[in-house]
Amino acid sequence: YRELSKKYGVSRTTINKWVLVHQGIHDLPRSHKQISYDLQQKTLGKKSKQIIKSCWRRYAAWLCAWRICAIKYFIIIAKFVFLTHS
């Protein structure tokens with residue numbers, strides 16, 4: 001990578017993209033590392049989506065509980081104001 005980076009003045013990412021293009025053009029199989037990376041990304045993607053969904057569910061539940069508490073307190077305060085001013 002270092003030699004190619006110096007020679008062509010490009011980053012490691014660009015070199016990786018060149019390798020992928022070369023493999024695609026010549027119909028070469030993906031290496032073991034490429035396959036394991038793909039599988040890792042797929043599982044990480046699923047996990048992160050599950051984490052986001054669970055966070056949103058917890059937030060929605062918290063928000064719902066907060067609203068219920070707010071309504072209860074509003075009713076209590078309204079009763080108190082009504083009773084003290086009547």
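From the N terminus on, the elements run α-α-α. That makes three helices and zero strands in the chain. Keep in mind that this is a predicted model.

Confidence next. Mean pLDDT for the chain is 77. Of its residues, 90% reach 70 or more. Compare the elements. Helix 1, residues 2-8, has the highest mean, at 83. Helix 3, residues 32-85, has the lowest, at 75.

Now burial. How many of the 86 residues count as buried? Just 3% of them do. The chain exposes about 8,400 Å². Carbon and sulfur atoms supply 66% of that area.

On to the surface. There is a nonpolar patch of about 560 Å². Five names to find on your screens: Tyr73, Ile76, Ile77, Phe80 and Val81. Take Val81, which sits in helix 3. Is Val81 buried, partly exposed or exposed? Its relative accessibility is 39%, so Val81 counts as partly exposed. The cut-offs here are under 20% for buried and over 50% for exposed.

Last, the pockets. The largest pocket has a volume of about 300 Å³. Which residues line the largest pocket? Tyr1 is one of them. Asn16, Lys17, Val19 and Leu20 are also in the lining. So are Arg30, Ser31, Lys33, Gln34, Tyr37 and Asp38. Two elements give two or more residues to this lining: helix 2, residues 12-25, and helix 3.

To recap: helix 3 carries Val81 of the nonpolar patch. Helix 3 also contributes to the lining of the largest pocket. And helix 3 has the lowest mean pLDDT among the elements.

Notes
Residues are numbered from 1 along each chain as its sequence is written. This is a predicted model: local features need pLDDT of at least 70, side-chain atom pairs count only at pLDDT 80 or more; totals for chains, interfaces and linings use all residues. Side-chain values use heavy atoms; hydrogens and water are left out. pLDDT is the predictor's confidence in each residue, from 0 to 100. Helices (H or I, at least four residues) and strands (E, at least two) are DSSP runs, numbered from the N terminus. Buried means under 20% relative accessible area, exposed over 50%, partly exposed in between (1.4 Å probe, protein chains only). Accessible areas come from the Shrake-Rupley method with a 1.4 Å probe; for residues, only the protein chains shown count as cover. Patches are made of residues with over 30% relative accessible area and no salt bridge: like charges are joined within 9 Å, nonpolar side chains (Val, Leu, Ile, Met, Phe, Trp, Tyr) within 5 Å. A salt bridge is a side-chain nitrogen of Lys or Arg within 4 Å of a carboxyl oxygen of Asp or Glu. On a 1 Å grid over the protein atoms alone, a cavity is a set of points where a 1.4 Å probe fits but cannot get out, and a pocket is an open set with protein on both sides within 12 Å along at least five of seven lines; lining residues have an atom within 4 Å of a point. Grid points are joined across faces, edges and corners, and a volume is the space filled by probe spheres set on the points.
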